[in-house]
Amino acid sequence: MAEHILEMRQISKSFPGVKALQDVSLEVAPGEVHAICGENGAGKSTLMKVLSGVYPHGTYEGDIVFEGKTVAFRDIKDSEKLGVVIIHQELALSPYLSVAENIFLGNERSKRGIIDWNETNHLAAQLLNRVGLNLNPATKAGEIGVGKQQLVEIAKALSKNVKLLILDEPTAALNDEDSAHLLGLVKGLRDQGIACIIISHKLNEIRAIADSVTILRDGKTIETLSLHDGSVTEERIIKGMVGRDLLSRYPDRTPDIGAEVLRVENWTVHHPTEHSRVVIDGANLSVKAGEIVGIAGLMGAGRTELAMSIFGHSYGSNISGSIYKSGEPIKARTVTEAIGHGLAYATEDRKKYGLNLLDDIKRNISGAALDKLANRGWVDGGKETVVAEGYRKSMNIKAPSVASITGKLSGGNQQKVVLSKWMFSDPDVLILDEPTRGIDVGAKYEIYTIINQLAADGKAVIVISSELPELLGICDRIYTLAEGVITADVPISEATPETLMQFMTKEKD
């Protein structure tokens, strides 16, 4: 058996105006969990797309050696035939097909050209059992949660006799329980001799599961570290990723808090289709100029639902309660009304709701405030370019120009475009829902710096986050939410992970 199941030798890949990879090398041993770390835009996903045939042989320079033989994958089917299977960050399941149909899509179980449904469902049940998922194979994929969808993707990979499984940010959208289950499954695959490459920004997970880690920076291999003896710290990995020590993960800030800007009283929201079901129950909250207020809650507590309902009733039904802006009651029954009153909401799902990924940076930045660029109903394209270029520079958006397609940017740079869009609308209140989800520590630090600057400029900022250290690191106060009820308003001087979790798990009275 070859010493390495995979060798990638001096891989280089270019796009117009961008050198995405430059002489990147990587080695993976059989049955090894090999992590790849790097800031957004470092080339991690590009490297894996080269490996899996998404970018075919001939579109890059260098060699891929798999099981001792040089390979030239023309497409993803070529790589899958040899047992190289990639699970992308954006899951590729069809919500309208059953779990069994998804598992064998493109790899159907058939006899004489007719699908054998008995064999399909039987084998699917075996694969689901193998990944620890107690689920009827006939269940529609759209009816199960993201955590279970990730396991279905792995079952699909196992159906292809996988030898090397590539997981791109597998736990980015999962809660702690689902993440732990998935990582346990990866360990089980390693014990069965299946090699895994995992891309993740969650350094604690990498140290817990990976045998080694390769660090990329600016499209180049920086180093590969063994994690077996436990001597490699998160700080050591971060230094390799960003090229410097991060003495603190959160920038220093001296709050200058002014008068109250937003107050929400007795806010109650019902489910959009199950109208008798209360999702938010009598919530009261406020935020002042120059203040950063956090909202903490477990999955399903209603954090996003609360934010979206405040922002132009964009979630829910039978909404009641009052909103006050600088002490005066306002109506924000539509998104247009909310924006008109100086409210802004940066969604947790930037790819689906926050951006038009098919359009360029310029159009995305101007989208929330086109009236500021319009003259007699026509948008001034020159002025639009000047505005967008200003944000590209001030926000350090890494792209050749504002004409670059937003969907081709890294996650951190996409998030900067989202923030630029709302900053251009010049709001008084910004609600930031999971503003650093899926981005690396270096880009997170930049986002935190931007949030601090917004507060310093007198904006009232609300931050929703699943990461308690993040809220503790950047907020002045933190509200806790449990089952749609605000259970506490905790000053940062009194906030600890333990006290917050106590309030986040408090049952309704």
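This passage walks through two sheets, a pair of packed helices, a pocket and a cavity of one structure. The model is predicted, so local features are taken only where pLDDT is at least 70 and side-chain atom pairs only at pLDDT 80 or more, while totals for chains, interfaces and linings use all residues. Residues are numbered from 1 along each chain as its sequence is written, and side-chain values use heavy atoms, with hydrogens and water left out.

It helps to begin with the vocabulary of secondary structure. Helices (H or I, at least four residues) and strands (E, at least two) are DSSP runs, numbered from the N terminus. Two strands count as paired if DSSP finds at least two bridges between them. In general, strands of a sheet pair through backbone hydrogen bonds, either parallel or antiparallel.

The N-terminal part offers a convenient starting point. Here, four strands form an open sheet in the order β2-β1-β4-β5, with antiparallel pairing. Strands β2 and β5 (69-71) are at the edges with a single partner strand each, so one side of each is left without a neighbour in the sheet. From one strand to the next, the twist averages 30°; angles run from 0 to 180 degrees between N-to-C directions, and axes are lines fitted to C-alpha atoms, for helices over the stretch in contact. The pairing of β1 with β2 is antiparallel and spans 7 bridges. Within this pair, Leu 6 faces Val 28 of β2 as its opposite residue, and Lys 13 has Leu 21 of β2 as its bridge partner. The two strands make up a hairpin with 2 residues between them, and Gly 17 in the turn has a positive phi of about 80°.

On to the next pairing: β1 (residues 6-15) is joined to β4 (residues 61-66) by 5 bridges, and the two run antiparallel. In this pair Glu 7 is opposite Val 65 of β4. Strand β4 in turn pairs with β5 in the antiparallel sense over 3 bridges, and Ile 64 has Val 71 in β5 as its bridge partner. Helix α1 packs on this sheet, where it touches β1, β2 and β4, and its direction makes about 115° with that of β1. Contact here means heavy atoms within 4.5 Å.

Helix α1 appears again at the second largest pocket. A pocket is an open set of points on a 1 Å grid over the protein atoms alone, with protein on both sides within 12 Å along at least five of seven lines; a cavity is a set of points where a 1.4 Å probe fits but cannot get out, and lining residues have an atom within 4 Å of a point. Grid points are joined across faces, edges and corners, and a volume is the space filled by probe spheres set on the points. By this measure, the second largest pocket holds about 1400 Å³ of space. It is lined by 43 residues, of which Gly 41, Thr 46, Lys 408, Leu 409 and Ser 410 are the closest to its centre. At least two lining residues come from each of β2 (18-28), α1 (44-52), β11 (212-217), α11 (350-354) and α14 (411-424), and α1 gives the largest share, 4 residues. The lining divides into 14 nonpolar, 16 polar and 13 charged residues. For these classes, Ala, Val, Leu, Ile, Met, Phe, Trp, Tyr, Cys and Pro count as nonpolar, Asp, Glu, Lys and Arg as charged, and the others, Gly among them, as polar.

Turning to helix packing, α4 (residues 117-130) and α5 (residues 146-158) meet at an angle of about 120°, with their axes 9 Å apart. Their contact involves Leu 127, Leu 128 and Arg 130 of α4 together with Val 152, Ala 155 and Leu 158 of α5. By class, this contact has 5 nonpolar, no polar and 1 charged residues.

A second open sheet has 6 strands in the order β18-β21-β22-β15-β23-β24, with mixed pairing. Its edge strands, β18 (343-346) and β24 (485-491), each pair on one side only. Neighbouring strands are turned by 20° against each other on average, direction ignored. Strands β15 (residues 292-297) and β23 (residues 477-482) run parallel and are joined by 5 bridges, with Ile 478 in β23 as the bridge partner of Gly 294. Helix α17 (residues 497-504) lies across β15, β23 and β24, at about 35° to β23.

Finally, the structure holds 2 cavities of 30 Å³ or more. The second largest has about 30 Å³ of space, and its lining consists of Leu 285, Ile 295, Leu 306, Ala 307, Ile 310, Ile 431 and Ile 462. Helix α9 (residues 303-310) gives the most to this lining, with 3 residues. By class, the lining has 7 nonpolar, no polar and no charged residues.
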